[in-house]
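User: I am new to this structure and would like a close look at a single part of it. Please take one stretch and explain carefully what surrounds it.

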Amino acid sequence: MVITLVPFVTLFVTALHPTGTYPAGLSWPEEPQWGNFLSAFQAANMQKLLLSSVLIELGVVPLALLISTLAGFALGHLRPPGSRWIFLVFLLGLTLPFEGIIVPLYYQMRDVGLLNTRWAIILPLLGLFMPFAVMWMRAHFVNMPEDISEAARIDGANNLQLFSRIHVPLSMPALSSLAILMFLWTWNQFLLAVVLVDDPTKRTMAGALGAFQGQWGTDIPLLCAGSLLILTPTLLVFLIFQRHFVAALLQGAVKG
């Protein structure tokens, strides 16, 4: 816990130093500058970035959950011919780093006319999240008892009814935890926002960090203050929904 908290304490202490200074180590300032947080909020225009981040989240998380749940149900429960090879393709997608495909993504977004729009962030994130999201949901559906599906089919349920009325309600722990992860990853997305979107007001909250870096230097205290402001919503979301996340991790740990 100490190792985890030290970086946050360092950010907090550094954010209280006067702007334009370079604090040395973990030292408490003589006159804490509490106004740095307001200055960072105004300097990075975080009010508009907050709205932009919410719009990007609404474009990524619900659609990614829908696609990954459908794919995970098909690969993990229905298991059509060739499902193992399809799943292998998704696993190979986990080996693709964001940094390795950012240049092709830039030219692709430019060719389709989506550069400098929020869709330039939403669409790549949907594709980049799919390998992990499908693997996550498949692992859940693989562990679902076959007896439940057989009983539903005896009662006349087809695959769509089996999915929507039986398996989705039972998948809430896995869905909620996956939603938390994708929310955090989307909110903290910095590279795609900076490279693919020139307009600062159309980026994610993490893209606001570029506002504190100039041509000749970086305002370290404001950068730390801005980082804490950006981290606060994600920390609150995780603390509120941590029980769902833990429930999904422990699902299937005990049988009987």
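Analyst: Asn116 sits in the loop between H5 and helix H6 (119–142), in what is a predicted model. The phi of Asn116 is near 65°, a positive value in a residue other than glycine. Most residues other than glycine have a negative phi. Asn116 counts as partly exposed because its relative accessibility is 27%, and partly exposed covers the range between under 20%, which is buried, and over 50%, which is exposed.

On one side of this loop is helix H5, which spans 98–111. Tyr106 belongs to helix H5, and Tyr106 counts as partly exposed because its relative accessibility is 30%. Tyr106 is also one of the residues that form a nonpolar patch on the surface, together with Val103, Tyr107, Phe190, Val194 and Val195, and the accessible area of these residues together is about 470 Å². The elements that give two or more residues to the nonpolar patch are helix H5 and helix H10 (191–196), and H5 gives the most, with three residues.

On the other side of the loop is helix H6, where Leu125 has its place. Leu125 counts as buried because its relative accessibility is 0%, and this value falls under the 20% limit for buried residues. Leaving aside neighbours within four places in sequence, Leu125 is in contact with Val60, Phe98, Thr186, Gln189 and Leu192. Leu125 and Val61 are 64 residues apart in sequence, yet their C-alpha atoms are 9.4 Å apart in space.

A second loop can be read alongside the one that holds Asn116. Arg79 is found in the loop between helix H3 (46–78) and helix H4 (83–93), and the phi of Arg79 is near 50°, again a positive value in a residue other than glycine. Arg79 is partly exposed, because its relative accessible area is 44%.

For a buried asparagine to set beside Asn116, one can turn to Asn36, which is found in helix H2 (residues 36–43) and counts as buried because its relative accessibility is 5%. The side chain of Asn36 reaches the backbone oxygen of His17 at 2.7 Å. His17 is also among the residues in contact with Asn36 once neighbours within four places in sequence are left aside, and the others are Ala15, Leu16, Thr19, Pro221, Leu222 and Ala225.

Definitions and conventions: Residues are numbered from 1 along each chain as its sequence is written. This is a predicted model: local features need pLDDT of at least 70, side-chain atom pairs count only at pLDDT 80 or more; totals for chains, interfaces and linings use all residues. Side-chain values use heavy atoms; hydrogens and water are left out. Patches are made of residues with over 30% relative accessible area and no salt bridge: like charges are joined within 9 Å, nonpolar side chains (Val, Leu, Ile, Met, Phe, Trp, Tyr) within 5 Å. Accessible areas come from the Shrake-Rupley method with a 1.4 Å probe; for residues, only the protein chains shown count as cover. A salt bridge is a side-chain nitrogen of Lys or Arg within 4 Å of a carboxyl oxygen of Asp or Glu. Helices (H or I, at least four residues) and strands (E, at least two) are DSSP runs, numbered from the N terminus. Buried means under 20% relative accessible area, exposed over 50%, partly exposed in between (1.4 Å probe, protein chains only). A polar contact is a pair of N or O atoms within 3.5 Å; within protein, one must be able to donate a hydrogen and the other to accept it, and residues adjacent in sequence count only if both atoms are side-chain atoms. Contact means heavy atoms within 4.5 Å.
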